[in-house]
Amino acid sequence: MNKFMKVANEEAFRGFKSNEGGPFGAVIIKDGAIIAQGHNEVLKTNDPTAHAEVVAIRKASAILGRFELSDCEIYASCEPCPMCLSAIFWSRIKTVHYGCTKQDAAAIGFDDNLIYEFIKDPSSYSEYLKLLPIDREESLKSFSSWLEKADKVGY
């Protein structure tokens, strides 16, 4: 077994055996070394965003002192959910290695298909979530100010 995937799987076991969350683990690698690792902590923290990949990304960013992780890879015990994929995109990680598939996750009660379908066509899933635009003109003022901000840091 790949040594980094082994650690990701050990994290998955650690998380659910301690009742901190579901059976998911992740490891961030930079230059062939583990920078950070984490497991699902949704139950421990009562934070629905505390998935293994997000936990590991937060730790790696804190350790490296930056939000941009393009020189890192992630090993996850399972194919990332849509939220974790977004976090991976935002952190600029370019390679994801994963063990179980999203179908494997669905088979044990972690089904993300509704989210994938919602992204394709939000109007068809308004019974689950409504996206309602409001006060756009007023809200655009912060965007205009951002454009004018001389010392902004892009990401």
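**Exercise 1.** In this predicted model, decide whether Y155 is buried or exposed.

*Solution.* Begin with the relative accessible area of Y155, which is 67%. A residue counts as exposed when this value is over 50%, and therefore Y155 is exposed. To place the residue along the chain, note that Y155 lies in the segment after helix 7 (136-148). Finally, look at the surface around this residue, where Y155 forms a nonpolar patch together with F67, W90 and V153, with about 540 Å² of accessible area together.

**Exercise 2.** Classify the aromatic pair formed by F13 and F16, and work out how these residues are placed in helix 1.

*Solution.* The structure holds five aromatic pairs. In the one formed by F13 and F16, the distance is 5.5 Å centre to centre and the angle between the planes is 40°. Since stacked planes are under 30 degrees apart and edge-to-face planes over 60, the pair of F13 and F16 is tilted. Both residues belong to helix 1 (residues 3-17), and because they are three residues apart, about one helical turn separates them. F13 is partly exposed at a relative accessible area of 45%, and F16 is partly exposed at 35%.

**Exercise 3.** Classify the pair of F67 and Y155 from the centres and planes of their rings, and state which parts of the chain it links.

*Solution.* The ring centres lie 5.7 Å apart and the planes stand at 70°, so the pair of F67 and Y155 is edge-to-face. The pair links distant parts of the chain, 88 residues apart, with F67 in the loop between helix 3 (52-64) and strand 3 (72-78) and Y155 in the segment after helix 7. F67 itself counts as partly exposed, at 44% relative accessibility.

Technical notes
Residues numbered from 1 in each chain as written. Predicted model: local features only at pLDDT ≥ 70, side-chain atom pairs only at ≥ 80, totals over all residues. Heavy atoms only, no water. Patch = residues over 30% accessible without salt bridge, like charges linked within 9 Å, V, L, I, M, F, W, Y side chains within 5 Å. Areas by Shrake-Rupley, 256 points an atom, 1.4 Å probe, with all protein chains shown as cover. Salt bridge = Lys/Arg side-chain N within 4 Å of Asp/Glu carboxyl O. Helix = DSSP H or I, 4+ residues; strand = E, 2+ residues; numbered from the N terminus. Phe/Tyr/Trp six-rings, centres within 6.5 Å; stacked < 30°, edge-to-face > 60°. Buried < 20%, exposed > 50% of the residue type's maximum accessible area, 1.4 Å probe, protein only.
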